[in-house]
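User: Could you take a close look at one helix in this model for me, and then show me how the parts around it and the partner chain are put together? I work at the bench, so a plain walk-through would be great.

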Amino acid sequence: MTNTLGPVHAKVLRLPQPATQAAERSLAELVARARAGEEPAQSELFRRHVERVYGFVRRLLPDAADHDDIVQDVFVQAMESLHRLREAEAFGGWLRGIAIHIVKNRLRKQRLLNRLGFRRSRSAPPDDLAIAELVSPSAPPDVLVELRAVYRTVAKLDPNLRTALILRRVEGLSVPAVAEQLGRSLSTTKRWLAAAESQLELQLDRGGDHGT
Amino acid sequence: MALEGHLQEPELSSAEREALWSGVHHKRRGLRRRRRAIRSALFVASLAVVGVGVHQWQAYNHRTELAQPTRVKLPDGSSVVSQPGTDLEVVEGTPLSVRIDLRSGSAYFEVVPNPDRRFSVMLAHHEVKVVGTRFVVKVDPDGNVSEVDVSEGTVEVLSRDGQALLTRVHAGGHWSSTTPSPLTSTTPPRAPTASVAAAPEAPAGSANTSYPSSPSAARPTEEAQAAALFDQATLARRRGDYKAAIAGYESLLKRFPKDRHASLAALELGRLKRTREADPEGAADALEQAAKDRALNDDALAQLVLSYDQAGDQKRCLAAQSRYLARHPKGVHVNEVRASCKGSPAKPR
């Protein structure tokens, strides 16, 4: 995978210019204005959150070639369903929830196509370069080794287990926070994590970054 | 392995951001065009059945002035049993949204689950939103005091404009517009006395029925109260009102120490006390309690190490560190825990 952010379209809207007024507004006010259809508020919300969403999507699917497309879908869905957001302060977590939903749908679709024989590619773990791009260059080597083990493990897991393990191991969320983010009960989340963690143990016992 | 400190977010140039935003904009326009096309098609299709449809919904646009309780089946399969003298009206009835204005009197609702359709009972100052459940709503004659009793499922009570979620009422729970919110009251909320008319016999037919008997007339169960308290505290935490969140979690632990939400509340309380109140001692008490729950042990012990580290209590920090490493040698927080207890008081992380 590459970390390029896609070609810059020739025809570009000038919406995300830092609108000084919008830039000074609180999150709650921005959400209220964006919900009312104000475009400067919508673009400011986008500007404030796009990098975090981009990073999150990249960690959920390091090997995808179309991160731009997924990130756009996240914001399309968010802007179209802003009226459903109850707590403006939860906007960031809510965006992550949307990203998870979109990524899981993609993974399910891929699996279905694989099963039906429409796609030949099998899900393979992302290459080392793609993984190295997820962490800062100063990250110690053992972090990279474990990260590789996580992604080798998740390549074999179903979308639910995969997402749960990434939220827990890569994003560092607590078990209750994973449950909250996935919108599942604590017991279901625990079950998924236990299954995923046992696969990860096997992978780590095998030497982490060897074999799939 | 905790990666939080090592993760690297991409740095997008302004041109890249603009390109992405431009894509969002174009996709939304395409989406709206498609929606318009679908709506037009649906409108044409609906003309064929509109006579029946409008008739079905309008059949319920009336105020009950009968002497007997009346049960009416709505076109989506849900049903409403209204008591004599009840003033209610179906103000909106579409496959996507059902809105019923309840101005006075009381009615029992059995709502067919449908996640794509919003089902709301509108009161003078509130909206009661449901997905699929059974509940009673009662409004006093002048429309000022409203009460909700839930016998199955969960309903949400919102401000009338639908913008602010006030509370969730779970099965067995009761809400009254005169009941203070658990987090704004100065004293811990007590179970409000149920004031809904005692539920008589179950309905015997499709009309001339009264409320089915349900636990709605009873006091809310302890579990429902604890769950409501937990939800309120979590909502407060999410909107950044940490004082209210801490008060809510503390109240839950004090009143319902054996409830299934208690260990979760203890973990959140410990974390908030450590990071938001710089109270590592208080945090440690809560975290010790959370650590008793196996599922939360990993997170709670790691937080405990950080608490003692933050307090500069090296002895207890090292003890907690050994506990963590012995129990979770491959735990999520192993790097962070190993890096702790170096002696000087650490800043909250």
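**A close look at helix α7 of chain A**

Analyst: Happy to help; please keep in mind that this is a predicted model. Helix α7 (residues 141-154) of chain A has 14 residues, and at 1.5 Å a residue these should span 20 Å; the end C-alpha atoms are 20 Å apart, so the helix agrees with the expected span. Its buried residues are Glu146(A), Leu147(A), Arg148(A), Ala149(A), Val150(A), Tyr151(A), Arg152(A), Thr153(A) and Val154(A). These buried residues of α7(A) pack against α6 (128-132), α8 (159-170) and α10 (186-205) of chain A.

How far can you trust chain A? Its average pLDDT is 81, and 82% of the residues score at least 70. Confidence in chain A is highest in helix α4 (residues 67-80), with a mean of 93, and lowest in helix α1 (residues 20-23), with a mean of 60. Please read residues 1-17 of chain A with care: pLDDT stays under 50 there.

Now to the core. The largest nonpolar core has 126 residues, and those touching the most other members are Ala99(A), Leu165(A), Val137(B), Ala265(B) and Val305(B). In soluble globular proteins, nonpolar side chains tend to be buried together. Beyond its neighbours within four places in sequence, Val305(B) has contacts that include Cys317(B), Ala320(B), Tyr324(B) and Val337(B).

The two chains also meet in a contact that takes 45 residues from chain A and 37 residues from chain B. On the chain B side, α1 (14-58), α2 (222-238) and α4 (262-275) each give two or more residues. The largest share, 14 residues, comes from α1(B). By class, this side of chain B has 19 nonpolar, six polar and 12 charged residues.

Chain B itself has eight helices and 11 strands, and buried residues make up 41% of its 349 residues. Strand β4 (residues 97-110) of chain B is a good place to look at the pairing. With strand β2 (residues 79-82) of chain B, β4(B) runs antiparallel over four bridges, and Ser82(B) has Ala107(B) as its bridge partner. Strand β3 (residues 87-93) of chain B also pairs with β4(B) in the antiparallel sense, over six bridges, with Glu89(B) partnered by Asp101(B). Strand β5 (residues 118-122) of chain B pairs with β4(B) in the parallel sense over five bridges, and here Arg99(B) stands opposite Ser120(B). Strand β7 (residues 134-139) of chain B pairs with β4(B) in the antiparallel sense over six bridges, where Gly105(B) stands opposite Val139(B).

Key: Residues numbered from 1 in each chain as written. Chains lettered and ligands numbered in written order. Predicted model: local features only at pLDDT ≥ 70, side-chain atom pairs only at ≥ 80, totals over all residues. Contact = placed C-beta atoms within 7 Å. Nonpolar A, V, L, I, M, F, W, Y, C, P; charged D, E, K, R; others polar. pLDDT = per-residue confidence, 0-100. Buried ≥ 20, exposed ≤ 12 C-beta atoms within 10 Å, placed from the backbone. Expected span 1.5 Å × (residues − 1). Core = buried A, V, L, I, M, F, W, Y, C linked by C-beta atoms within 7 Å. Pairing = 2+ DSSP bridges.
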